[in-house]
Amino acid sequence: MTDTEQDSLVVGPEHENRFSSGPTANFAKGLLWLLVVVLAAVSLTFILSRVIPADPARLAAGLEAGPDQVAQVRQDLGLDKPVVVQYVNYLGGLISGDFGDSIRTRQPVINDLLEALPASLELIVVSFTMIAGLGILLGIIWAYWPRGLHSVLLRIIAVAGSAMPVFWVGLLLQVGLAANIDWLPIAGSFNHRKYGVDEITGSGLLDSLISMDTSAIVEAIRRLVLPITTIVFHNIALTMTLMRSSMSEQLQRPYVQAARARGVSESKVVTVDALRNALNPVVTMLGLQLGWSLGGVVIVEVIFSWPGIGLYAFSAFQAFDYNAIMAVTIIATASFVLINSLVNRIYRVLDPRIT
Amino acid sequence: MAESEKTARRSVDPLTLWVLVTVLFLGVLILIPGVLAPHDPYSLEVSNRFAPPSGEHLFGTDQTGRDIFSRVIHGAKYSIGSALLIVGSASVIGTIYGALAAWYGGLADRLLVRVVDVFLAFPYLIFAMAVAASLGRGLNSTLVALVLLWWPSYARMVRGQVKSILNEYHVMAAQTLGAKKSQILRWHVIPHTYNQLLVRFTLDIGNALVALTGLSFLGLGAQPPTPEWGRLVAQSKQFVLNAWWYAVFPGVVIFVVVLNFVLLGDALRKRSTS
Amino acid sequence: MSLLKVDDLTVYYAGEQSPALKGASFELDHGRTLGVVGESGSGKTTVALALGGLLPSGAKMKASRIELGGHDLLDISKRKWLHLRRSEVAFVFQSPVDSWNPTRVLRVQVKDALQAAGRSDDYSRLVSVLQRVGIDDPDRALGSYPHQLSGGMLQRISIAVALVHEPALLIADEPTSALDSTVQAEILEILHELRTEANLSLVIISHDLSVVSRLADEVVVMYGGRVVERGETEDVLGLPVHPYTRGLLASVPKLEGETRTPLPAMAFGEIADQGCVFATRCDLREETCLRTDPLPIEHKSGFVACGPGMEKWSKERS
């Protein structure tokens with residue numbers, strides 16, 4: 001039983017390395033693991049890319065190209081070489097950050113990615129902060145006062161949020177709050193040029209904050225409301241319910257009783273003693289969620305035409321732009337592994353019994 | 001005393017009844033949708049496009065005058081059928097691999113842990129796009145992608161369970177009595193995983209339905225004119241201002257079905273832990 | 001003058017039909033020790049929690065009187081309870097390991113308790129109390145996490161922290177049950193000595209008769225949420241009257257002579273709503289026992305809640 005629990009809570013090889021010596025050994029192993037996973041992702045997507053039904057050279061050359069031009073493009077892209085050579089070349093490119101060129105935008109994929117990343121990060125950072133903060137807070141309240149109207153309400157939100165498909169929630173919000181009553185923009189992200197805001201970070205929110213232009217800031221926030229609400233509503237259930245069950249379990253532990261008996265005030269018992277232990281599983285789960293978020297924002301970005309990595313991947317998929325799809329897969333996978341090894345470090349700080 | 005007699009007389013308990021009704025209802029939806037659907041889901045009637053909900057068309061009609069209610073009913077085959085297929089294949093593959101890895105230990109086991117971890121790191125949406133881009137769009141490539149990413153979680157769960165069951169006394173006793181390995185696995189270990197497997201299976205049908213409809217919403221998965229549910233919502237998107245019912249009803253149906261499986265899974269879990 | 005006075009204390013837990021504790025009455029003088037004996041489910045822990053305002057939320061507590069050191073404990077606010085736990089009453093619980101937060105260093109937890117009492121300056125005093133209870137290197141012990149120390153060490157720290165407030169009353173709920181027998185003896189010895197040194201009143205709760213007989217001046221025997229017998233320790237444990245107390249004593253294994261007599265087992269949920277709680281297990285059962293609650297009969301220094309038991313006892317004496 002404990003084995004199952006540990007298995008489902010800790011991802012990556014860390015949990016088996018807990019007893020190995022020193023942070024450097026752990027760091028090296030973590031790095032090695034990152035390489036292994038990324039290599040697996042590269043290999044799998046590469047194999048898939050070679051069974052692609054459409055001829056990539058044909059696609060890259062464009063519809064009007066004659067056979068000679070296609071042959072030329074094939075040679076330029078190295079598609080005439082044996083698959084193994086192509087694979088090695090691709091790996092070689094990766095090391096220098098070269099994901100190849102996009103056949104859709106006709107510029108290096110890495111440039112496209114860097115352009116799209118800030119918009120996605122903006123969505124992820126804002127929604128994740130709200131999911132973590134609000135989810136933990138509501139979970140605590142729910143655990144501490146398990147009865148009453150609010151608990152019914154929280155249960156409804158938790159169940160509905162996880163059972164309503166995210167694309168449908170987004171659609172309903174668009175219809176309800178944007179299309180008919182024009183409260184909020186129906187789709188699209190902050191337009192820098194329209195508000196005369198310099199593009200420094202690429203994130204509409206940050207750039208408008210830097211510009212200190214109130215109307216720009218308001219516009220940037222208005223743009224965020226619907227996508228963020230959609231993401232938060234869909235994802236907060238897990239955090240909230242896990243926090244609740246974890247917290248109410250801790251509140252029943254004898255040490256909580258003992259601390260109360262020692263005269264420690266209720267607020268301190270709850271927010272210092274119980275909360276600290278109750279956070280452990282929640283942090284692990286939030287880490288997983290954050291890790292998956294780059295791959296998870298696709299639907300929301302598509303619904304709200306948000307020009308991030310997800311929308312980029314979607315457009316690439318529609319155009320059979322395989323270099324771009326591979327790149328997004330690799331980036332999303334690598335970010336998952338990185339974030340999770342970071343979370344494992346936090347986990348160790350929270351629980352000293354893990355050395 | 002009186003209480004236990006009362007429950008004994010009420011021979012079918014609510015949970016069993018719930019499972020039965022769910023299975024029966026979905027069985028009808030998937031196998032003989034024609035019984036429930038009042039119209040042909042593919043027949044066009046352009047003159048009657050965007051008809052609002054009425055007695056004749058419960059969920060209204062779409063941009064070509066097709067009856068949305070009938071389309072939703074016929075779509076169950078694709079949506080729920082696929083979800084069942086995904087979770088079914090994933091659980092079978094995962095259970096076999098997980099049980100074998102836990103049983104043999106050593107290299108096979110360590111390999112399993114690694115493989116599972118690798119697959120867990122993959123973003124399923126983007127991976128499904130990659131698969132769909134190479135195998136071609138359609139329900140099949142999406143099914144392949146989802147099964148490929150879904151089985152490891154079952155393997156991980158079953159492996160953990162088998163490992164802990166192997167340390168229990170009844171298994172040790174069977175070993176001491178000289179039972180064959182395959183017998184022990186078949187009769188003393190696997191049956192003990194059924195409970196948790198059933199709970200997970202039930203919850204996952206809902207999860208798979210959400211994942212699958214999400215992918216078809218993006219244009220992966222089933223292609224038009226298939227009335228797959230995610231597809232229906234996707235198509236409704238551009239007409240959302242003229243025909244609210246088009247977006248609302250298919251979504252409500254997905255929501256209700258997923259909700260049913262979430263609540264059922266929860267009830268089963270409570271039953272198995274109490 | 002009595003320090004603790006409890007009259008007719010009844011406790012219901014949230015959502016439960018039958019009371020966890022019904023009509024319990026006892027008192028305790030300054031500097032004396034009261035032992036509370038009973039098996040699990042007898043309500044003895046409920047007594048401890050009720051005296052500290054530590055009953056779980058939703059529990060209902062009624063009494064005609066509860067007083068501790070002149071404070072009325074009936075219907076007082078949470079704040080008042082907190083104040084009492086910081087000054088008048090302190091606790092030591094069963095499992096020393098579980099009594100401390102596993103993820104925080106002991107020092108900060110101890111400081112939380114001292115700060116709560118408004119006595120952060122008492123840290124140096126605590127160090128000396130720790131040495132007194134047998135912690136040779138208090139600094140090192142307090143710098144550890146709970147899992148790094150033994151149960152005996154942790155229980156010593158629990159006792160020291162409980163005593164640093166100089167409470168009038170210490171309630172020890174099964175303080176030694178989770179410990180090895182050698183450590184058990186040491187902890188009991190410490191409690192025994194501190195009682196006289198600090199002029200402490202002690203309520204010691206245990207299922208273990210040897211623990212109670214070693215420390216207690218008076219004993220309360222509990223069964224099914226009721227007090228069935230009460231009196232001076234030598235009276236109750238020396239010449240028990242109530243059939244349950246007798247059974248309890250007879251079931252203690254002895255080294256030589258007669259073999260122990262097992263107590264008739266209790267089936268699940270067998271405690272009756274009506275009549276004597278022990279009736280279903282009792283060999284002196286009469287028909288009235290099943291119908292009417294036994295009235296307490298005054299006996300020596302205390303009382304016994306059993307008519308037939310009293311008769312039998314008198315017959316044996318004469």
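Select chain A and colour its two domains: the C-alpha centres of domain 1 and domain 2 of chain A lie 30 Å apart. The contact between them draws on 18 residues from domain 1 of chain A and 17 residues from domain 2 of chain A. For the colouring, the assignment puts domain 1 at 12-95 and domain 2 at 109-350. Keep in mind throughout that this is a predicted model.

**Chain A: a buried serine**

Stay in domain 2 and select A:Ser120. This residue lies in helix H7 of chain A, which covers residues 109-144. Is A:Ser120 buried or exposed? A:Ser120 has a relative accessible area of 0%, and because the cut-off for buried is under 20%, A:Ser120 counts as buried. Now show what surrounds the serine. Leaving aside neighbours within four places in sequence, A:Ser120 is in contact with A:Leu294, A:Val297, A:Glu301, A:Trp306, A:Gly308, A:Ile309 and A:Gly310.

**Chain A: two residues with positive phi**

Most residues other than glycine have a negative phi. Two stops in chain A depart from that pattern.

Select A:Ser305. Where is A:Ser305 found? The residue sits in the loop between helix H14 (298-303) and helix H15 (309-318) of chain A. Its phi is positive, about 40°, although A:Ser305 is not a glycine. With a relative accessible area of 38%, A:Ser305 is partly exposed.

Next, go to A:Met212, in the loop that runs between helix H10 (204-211) and helix H11 (214-251) of chain A. Phi of A:Met212 is near 55°, again a positive value in a residue other than glycine. A:Met212 is exposed, and its relative accessible area is 69%.

**Chain B: helices and a cis bond**

Show all chains and look at how they meet. Which chains share the most contacts? Of the 2 pairs of chains in contact, the answer is chains A and B.

Select chain B alone and display it as a cartoon. Chain B has 11 helices and 0 strands. Its C-alpha trace spans about 75 × 60 × 25 Å along the principal axes. Of its 274 residues, 55% count as buried. Among contacts in chain B between residues at least 6 apart in sequence, 70% join residues at least 24 apart.

Switch to a surface view of chain B. The accessible surface comes to about 12,400 Å², and carbon and sulfur atoms account for 66% of that area. Colour by charge: chain B has 22 positive and 14 negative charges, and their mean positions are 10 Å apart.

Return to sticks and select B:Pro224 and B:Pro225. A cis peptide bond joins these two prolines, with omega at about 5°. B:Pro225 is in the loop between helix H9 (194-217) and helix H10 (229-236) of chain B. For background, most peptide bonds are trans.

**Chain C: helices and strands**

Before leaving chain B, display it together with chain C. No contact joins chain B and chain C, and their closest C-alpha atoms lie 12 Å apart.

Now isolate chain C, which has 12 helices and 13 strands. Its C-alpha trace spans about 60 × 50 × 40 Å along the principal axes. The radius of gyration is 20 Å, which agrees with the value near 20 Å for a compact globule of 318 residues. Of those 318 residues, 53% count as buried.

Finish with the surface of chain C. About 14,500 Å² is exposed, with carbon and sulfur atoms supplying 49% of it. Colour the charges once more: the mean positions of the 34 positive and 43 negative charges of chain C are 3 Å apart.

Conventions. Residues numbered from 1 in each chain as written. Chains lettered and ligands numbered in written order. Predicted model: local features only at pLDDT ≥ 70, side-chain atom pairs only at ≥ 80, totals over all residues. Heavy atoms only, no water. Helix = DSSP H or I, 4+ residues; strand = E, 2+ residues; numbered from the N terminus. Rg over C-alpha atoms; globule rule 2.2 N^0.38 Å. Buried < 20%, exposed > 50% of the residue type's maximum accessible area, 1.4 Å probe, protein only. Areas by Shrake-Rupley, 256 points an atom, 1.4 Å probe, with all protein chains shown as cover. Lys, Arg positive; Asp, Glu negative; His and termini not counted. Charge placed at Lys NZ, Arg CZ, Asp CG, Glu CD. Domains from an automatic or database assignment. Contact = heavy atoms within 4.5 Å.
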